[in-house]
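Thanks for sharing this one. Here are some notes to read with the structure open beside you.

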Amino acid sequence: MLDNPTFKLNQLPKNLPLEGGISMELVEGVPIFRASKIVQERIETLLAKLQDSELALAEEKELDDYEELDDYLSFINRTVRNIMLKQN
């Protein structure tokens with residue numbers, strides 16, 4: 001049923017809030033998962049710092065973890081959307 005059933009996260013970003021870190025909204029009846037505004041602001045802060053200077057190793061790891069989480073959420077969103085399209 002899944003295109004890649006072995007796709008998994010290695011770990012969550014250390015600064016990801018356990019509550020409120022991921023938001024969900026309905027778009028045309030399909031649930032869409034996204035990073036919350038707090039998480040998006042943290043990512044923007046890290047990206048802005050990256051443009052101005054080098055990130056510390058821990059910050060680079062955090063940004064990489066957020067990128068992996070974003071890829072995973074995109075995978076979930078595509079999978080849910082495809083399942084719902086097949087049902088219609």
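The points below cover the salt bridges, a helix contact and the main pocket of what is a predicted model.

1. Let me start with the charged pairs. Side chains of opposite charge can pair when their charged atoms come close. In this model the count of salt bridges is four, and three of them are worth a visit here.

2. The pair to look at now is E62 and R42, which form a salt bridge with the closest N and O atoms 2.8 Å apart. Since E62 belongs to helix α2 and R42 to helix α1, the pair ties together parts that are 20 residues apart in sequence. The two partners sit in unlike surroundings: E62 is buried, as its relative accessible area is 7% and the cut-off for buried is under 20%, whereas R42 is partly exposed at 26%.

3. Next, please look at E59 and K49, whose side chains meet in a salt bridge at 2.8 Å from N to O. Here too a link runs between helices: E59 is in α2 and K49 in α1, so this pair ties together parts that are 10 residues apart in sequence. E59 counts as buried, with a relative accessibility of 14%, while K49, at 34%, counts as partly exposed.

4. It is worth staying with E59 a little longer. What does E59 touch once its neighbours within four places in sequence are left aside? The contacts are R42, L46 and K49. With K49, the side chain of E59 also makes a polar contact, at 2.8 Å. R42, then, is in contact with E59 and also forms the salt bridge with E62.

5. The pair K61 and D65 stays inside one helix. Their side chains meet in a salt bridge of 2.8 Å, N to O, and both residues lie in α2, four residues apart, or about one turn of the helix. Is D65 buried or exposed? D65 is buried, because its relative accessible area of 3% falls under the 20% limit. Its partner K61 is partly exposed, at 42% relative accessibility.

6. Further along α2 you will find V80. Which residues does V80 contact, leaving aside its neighbours within four places in sequence? They are V30 and P31. V80 and P31 are 49 residues apart along the chain, yet their C-alpha atoms are separated by 7.7 Å. Strand β2 covers residues 30-35, so V30 and P31 fall within that strand by the DSSP assignment.

7. Now for the pocket. The largest one has a volume of about 250 Å³. It is lined by 15 residues, and those closest to its centre are A35, I43, Y66, L69 and D70. If you would like to find it on screen, centring the view on these five residues should take you there.

8. Where does the lining of the largest pocket come from? At least two residues each are supplied by β2 (30-35), α1 (37-52) and α2 (57-87). Helix α2 gives the largest share, with eight residues. By class, the lining has 10 nonpolar residues, two polar ones and three charged ones.

9. To pull this together, α2 is the element to keep in view. This helix holds E62 of the bridge to R42 in α1, E59 of the bridge to K49 in α1, and both K61 and D65. The same helix also supplies the largest share of the lining of the largest pocket.

Definitions and conventions:
Residues are numbered from 1 along each chain as its sequence is written. This is a predicted model: local features need pLDDT of at least 70, side-chain atom pairs count only at pLDDT 80 or more; totals for chains, interfaces and linings use all residues. Side-chain values use heavy atoms; hydrogens and water are left out. On a 1 Å grid over the protein atoms alone, a cavity is a set of points where a 1.4 Å probe fits but cannot get out, and a pocket is an open set with protein on both sides within 12 Å along at least five of seven lines; lining residues have an atom within 4 Å of a point. Grid points are joined across faces, edges and corners, and a volume is the space filled by probe spheres set on the points. Ala, Val, Leu, Ile, Met, Phe, Trp, Tyr, Cys and Pro count as nonpolar, Asp, Glu, Lys and Arg as charged, and the others, Gly among them, as polar. A polar contact is a pair of N or O atoms within 3.5 Å; within protein, one must be able to donate a hydrogen and the other to accept it, and residues adjacent in sequence count only if both atoms are side-chain atoms. Contact means heavy atoms within 4.5 Å. Buried means under 20% relative accessible area, exposed over 50%, partly exposed in between (1.4 Å probe, protein chains only).
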